[in-house]
Amino acid sequence: MFSPRQRAKTFLCTYGLILLGSAILSFGLYNVHEQTQVTEGGVLGMTLFLQHWLGLTPAITSPVMDIACYLLAWRFLGNSFARYAVTASLAFAAFHALWERFPPLLPDLSAYPVAAAVVGALFVGVGVGLVVRIGGACGGDDALALTISHLSRWPIARCYLITDLTVLALSLSYIPLSRILCSLITVTLSSFLIGRIQLAGRGPEPETEPAR
């Protein structure tokens with residue numbers, strides 16, 4: 001049994017990392033992705049795909065897919081995932097609203113798409129990696145990758161790449177290849193970073209909490 005002091009320390013470390021990861025991710029999305037139109041795979045890419053070919057608005061498809069991924073993850077990963085995911089989602093929204101009160105704090109890299117892809121991937125990889133390390137998720141992409149990793153026992157970096165590359169391959173039907181190649185840089189680097197941060201300093205992954 002942990003002492004109250006140990007439990008308090010664990011609580012602060014856990015939710016502190018979730019807040020830090022959400023802050024880093026939202027900062028990168030606001031200051032890099034939204035300025036330079038760097039895109040990724042996953043839920044975001046799929047909403048754009050459905051909008052282009054079926055005329056379905058992301059205002060509907062994005063929350064529907066996110067909720068579906070969260071419910072699937074909750075089914076297999078348990079209540080702790082739900083607590084961490086809700087905290088991360090709320091923290092992301094709050095931090096993004098904070099950044100929006102200021103003009104972009106980083107130089108506009110729109111003229112340098114490869115640099116934008118790399119810098120954007122660093123923010124996504126570190127931010128999401130910290131949240132995923134705890135067992136939470138910032139969005140439907142993370143929840144789906146965690147679920148696939150749990151069921152298949154594959155490294156989470158591979159799970160992110162599978163989902164992202166699938167969406168990017170579909171997106172080739174309407175997005176120029178040059179832009180897809182930049183997105184490929186982003187998803188490959190961010191997936192690698194997420195996997196490394198999740199496992200940094202750890203031995204074999206512990207069994208995930210069963211659903212209750």
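Two helices count as roughly antiparallel when the angle between their N-to-C directions is over 145 degrees. Keep that cut-off in mind for α7 and α8, whose axes cross at roughly 165°; the two helices are therefore roughly antiparallel to each other. Please note that this is a predicted model. The points below take you through α7 and its partner, then α3 and α6, and end with some individual residues and turns.

**Helix α7 and its partner α8**

- Helix α7 covers residues 156-171. Its 16 residues should span 22 Å at 1.5 Å a residue, and the end C-alpha atoms are 23 Å apart, which agrees.
- Which residues of α7 are buried? They are I156, A157, C159, Y160, T163, D164, V167, L168 and S171. These buried residues take up an arc of only 165° around the axis, so they sit on the same side of α7.
- The cover over the buried residues of α7 includes α2, α5 (113-134), α6 and α8 (177-199).
- The axes of α7 and α8 come within 8 Å, and the crossing of the pair is right-handed.
- On the α7 side, the contact with α8 is made by I156, A157, Y160, L161, D164, L165, L168 and S171. On the α8 side, it is made by I180, S183, L184, V187, T188, S191, F192, I194, G195 and Q198.
- Several α7 residues appear both among the buried ones and in the contact with α8, including I156, A157, Y160 and D164.

**Helix α3 and its two sides**

- Helix α3 (residues 58-77) has 20 residues. From its first C-alpha to its last it reaches 27 Å, close to the 28 Å expected at 1.5 Å a residue.
- T61, C69, Y70, A73 and L77 are the buried residues of α3. Their arc around the axis is only 155°, which puts them on the same side of α3.
- Turn to the other side of α3 and you will find A59, I60, V64 and R75 exposed.
- What do the buried residues of α3 pack against? Their partners are α2 (42-54), α4 (79-99) and α6 (140-152).

**Where α3 meets α6**

- As a reminder, two packed helices are described by the angle between their axes and the distance between the axes.
- For α3 and α6, the angle is about 35° and the axes are 8 Å apart. This crossing is left-handed.
- From α3, the residues that take part are D66, C69, Y70, L72, A73, F76 and L77. They meet G140, A143, L144, L146, T147, H150 and L151 of α6.
- T147 is a good residue to look at in this pairing: it is found in helix α6 and touches L72, A73, F76 and L77, leaving out residues up to four places away in sequence.
- Is T147 buried or exposed? T147 has a relative accessible area of 2%, and so it is buried.

**Helix ends and positive phi values**

- Just after α3 comes G78, with a positive phi of about 90°.
- Helix α5 has 22 residues and reaches 32 Å between its first and last C-alpha atoms, close to the 32 Å expected at 1.5 Å a residue. G135 follows α5 and has a positive phi near 110°.
- R153 also has a positive phi, near 65°, in a residue other than glycine. R153 lies in the loop between α6 and α7 and is partly exposed, with a relative accessible area of 49%.

**Two more residues to find in the model**

- E34 lies in helix α1 (residues 4-36). With 40% relative accessibility, E34 counts as partly exposed.
- Neighbours within four places in sequence aside, E34 is in contact with L29 and H96. The C-alpha atoms of E34 and P104 are separated by 9.7 Å, although the two residues are 70 residues apart along the chain.
- P107 is found in the loop between α4 and α5. Its relative accessible area is 61%, so P107 is exposed.
- P107 and T14 are 93 residues apart along the chain, and their C-alpha atoms are separated by 32 Å.

Conventions
Residues numbered from 1 in each chain as written. Predicted model: local features only at pLDDT ≥ 70, side-chain atom pairs only at ≥ 80, totals over all residues. Heavy atoms only, no water. Helix = DSSP H or I, 4+ residues; strand = E, 2+ residues; numbered from the N terminus. Expected span 1.5 Å × (residues − 1). Buried < 20%, exposed > 50% of the residue type's maximum accessible area, 1.4 Å probe, protein only. Arc of directions from axis to C-beta. Contact = heavy atoms within 4.5 Å. Axes fitted to C-alpha atoms, helices over the stretch in contact; angles between N-to-C directions. Parallel < 35°, antiparallel > 145°, perpendicular 65-115°, else oblique. Left-handed = near helix turned anticlockwise from the far one by under 90°.
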